[in-house]
Amino acid sequence: MEMFSESLLNKKNKRIQSLYRSLFMMMTLLLILPVLVILSTLIYKGGSIISVDFLLTDPINGMTAGGIFPALFGTVWIVTVALIASVPLGVAAAIYLSEYAGDNWFTRAINLAIINLAGVPSIVHALFGVGAFVIFFGFGTSILSASLTLAIMTLPVVIVATKESLEAVPIAFREACWNMGATRWQTIRRVVLPNAVSGILTGVILEVSRTTGETAPIMFTGAAFFLPFLPQSVFDQTMAMSLHLFVVSTQVPNVPDALPYGVALVLIAMVLIMNSISIAFRMHLRGKKKW
Amino acid sequence: MNTATAEKLETPAAELAIRTQKLDLWYGTFQALFQVDLDIKNGIITSLIGPSGCGKSTFLRSVNRINERLGYVRIEGTIDVFDKNIYDADVELVQLRKQIGMVFQRPNPLPASIRDNILYGHRLHYTGKRLSRSDQDDIVEDALRQVLLWDKVKDRLHRKAIDLSLEEQQKLCIARLLPVQPQILLMDEPCSALDPKGTEAVEELIWELRGKYTILIVTHNMAQARRASEECIFMLMGKVVEHTATEDLFVTPKHQETANYIEGRYG
Ligand SMILES: Nc1ncnc2c1ncn2[C@@H]1O[C@H](COP(=O)(O)OP(=O)(O)O)[C@@H](O)[C@H]1O
Ligand SMILES: [Mg+2]
């Protein structure tokens with residue numbers, strides 16, 4: 001027998017190996033199948049309605065025709081304000097937790113709270129938002145209330161992403177700085193943050209994309225079914241894409257088929273574009289980074 | 001040659017750079033140092049040898065108080081640096097660390113250019129009016145010359161420090177300590193990540209720095225300790241066994257443990 005020729009056992013193992021291989025590949029395909037189906041359905045049924053006019057005009061005829069501009073505009077507003085509220089807060093909290101806080105019961109409790117905050121259902125956040133921002137702080141149903149509710153909901157994402165990217169900066173860099181007499185803040189400012197910024201931004205963009213699609217938290221706090229005018233300040237109500245989609249697909253009679261699909265398509269496109277930016281960004285920065 | 005650096009602190013006349021008395025150190029409940037009494041002379045190279053885990057790094061890291069980062073470290077006894085107890089309330093950590101530079105096992109250049117690495121410490125501590133570019137260039141050149149690196153990197157000062165060879169990185173890590181004019185350099189196995197050629201080059205450099213700084217170097221390499229230090233400390237399980245002139249320690253060790261260790265390594 002040849003020393004290196006294939007034995008029966010080899011053959012059997014190879015068969016099993018290829019079986020599992022195809023099995024796992026099928027699982028993977030199964031995974032992306034829904035995405036493909038959703039996207040193609042949306043494009044097939046709603047693609048025809050998409051046009052510059054659709055994006056830039058108001059809905060008319062009891063929201064059965066016209067465009068989606070106020071909803072688009074409102075979503076951008078809400079997301080922007082939510083970001084302005086949550087990013088500084090989240091990044092600061094993450095810096096404190098990973099750079100300053102000692103490993104004690106207090107820090108562990110806070111970390112636990114953050115993890116739990118991430119698990120709170122969005123409808124509960126919505127009710128909290130109503131109680132806290134709409135009523136207690138008296139912001140009324142407004143962009144501000146909606147954005148703050150979203151901000152609190154997405155805070156854990158920002159904190160966790162920031163913490164992870166801070167922790168990915170090797171401790172050796174910090175020690176190098178401390179040993180030259182840098183304070184913690186000087187170290188953070190000059191060495192840690194510049195090297196963590198890619199991860200932080202990725203987290204932020206992910207948060208944006210999540211925020212864009214949320215419906216429940218803004219429904220009771222600031223988003224309106226239909227408004228004949230655009231919001232003038234953060235204290236106004238506004239229309240929003242996610243809620244608009246809900247409304248035209250379930251609440252309004254005689255809506256042409258293509259309309260809800262069109263709205264959904266725009267919404268999903270917004271999310272996908274932002275996710276792609278986030279991924280491209282991460283790849284770019286990761287390619288540049290080297291240690 | 002370098003007018004730009006901050007006022008040069010006159011080297012303290014103290015005879016001892018570091019003196020510890022009855023130093024005990026615990027990591028949580030684990031005691032890593034026992035009653036360490038050491039007098040490390042000013043201006044010479046002292047090497048610290050001993051088997052892995054005997055507390056060499058721990059000792060080094062107590063001298064610049066970097067151990068404090070770990071909340072669970074506790075110390076008893078005293079550590080004096082230039083006759084000043086570094087745990088006194090009026091000791092400013094930043095000033096202490098400025099006087100005591102540290103070099104690590106693995107070279108840890110900052111993720112920045114060679115030039116910025118050198119200037120980092122200076123920028124941290126310099127309070128005068130903004131330096132001109134040429135003054136900064138002087139600082140960079142001076143530091144790199146001291147570590148015998150200038151000729152090699154003078155044409156690529158703006159390149160990433162991380163692209164240098166390990167040996168060059170380690171030299172750079174030494175160089176970047178110099179602009180803040182430390183009195184003491186602590187080196188924790190500075191050659192252990194380097195190949196023999198790099199080791200030799202860094203050793204040569206350390207020898208070159210003799211007289212300008214008080215150097216305390218931890219090493220695994222007996223030959224290195226012997227070649228490159230004037231006094232030598234042998235530690236075992238958190239205790240100091242022997243501390244004498246290097247030549248004496250290697251030729252006529254007073255303690256059996258020292259002899260065993262030295263022979264074991266030579267065999
Ligand atoms: N951060 C730490 N936490 C707990 N124990 C530690 C820590 N660092 C070192 N030790 C322990 O202290 C002892 C001395 O370690 P170290 O000073 O690193 O030894 P050496 O540098 O001589 O190899 C070892 O037993 C080690 O396990
Ligand atoms: Mg060590």
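Axes here are lines fitted to C-alpha atoms, for helices over the stretch in contact, and angles run from 0 to 180 degrees between N-to-C directions. The model is predicted.

**Helix packing in chain A**

In those terms, α3(A) and helix α6 of chain A, residues 143-167, have axes that come within 6 Å and cross at roughly 35°. The crossing of α3(A) past α6(A) is right-handed. The contact of these two helices is made up of 22 nonpolar, six polar and three charged residues.

**Second largest cavity**

Searching the whole structure gives two cavities of 30 Å³ or more. The second largest holds about 40 Å³ of space. Its lining includes A:T75, A:I78 and A:V79, along with A:L150, A:T211, A:T212, A:E214, A:I218, A:A240 and A:S242. Helix α3 (69-100) and helix α8 (184-213) of chain A each contribute at least two residues to this lining. The largest share, three residues, comes from α3(A).

The table sets out, by class, the residues of the helix contact and of the cavity lining.

| Site | Nonpolar | Polar | Charged |
|---|---|---|---|
| Contact of α3(A) with α6(A) | 22 residues | six residues | three residues |
| Lining of the second largest cavity | five residues | four residues | one residue |

**Interface of chains A and B**

Between chain A and chain B, 20 residues of chain A are in contact with 23 residues of chain B. The two chains bury about 1900 Å² between them, with 62% of this area on carbon and sulfur atoms. On the chain A side, A:E175, A:N179 and A:M180 lose the most area to chain B, together 37% of what that side buries.

Definitions and conventions
Residues are numbered from 1 along each chain as its sequence is written. Chains are lettered from A and ligands numbered from 1 in the order in which they are written. This is a predicted model: local features need pLDDT of at least 70, side-chain atom pairs count only at pLDDT 80 or more; totals for chains, interfaces and linings use all residues. Side-chain values use heavy atoms; hydrogens and water are left out. On a 1 Å grid over the protein atoms alone, a cavity is a set of points where a 1.4 Å probe fits but cannot get out, and a pocket is an open set with protein on both sides within 12 Å along at least five of seven lines; lining residues have an atom within 4 Å of a point. Grid points are joined across faces, edges and corners, and a volume is the space filled by probe spheres set on the points. Helices (H or I, at least four residues) and strands (E, at least two) are DSSP runs, numbered from the N terminus. Ala, Val, Leu, Ile, Met, Phe, Trp, Tyr, Cys and Pro count as nonpolar, Asp, Glu, Lys and Arg as charged, and the others, Gly among them, as polar. A crossing is left-handed if the near helix is turned anticlockwise from the far one by less than a right angle, and right-handed if clockwise. Contact means heavy atoms within 4.5 Å. Buried area is the accessible area (1.4 Å probe) that two parts lose on being put together, summed over both.
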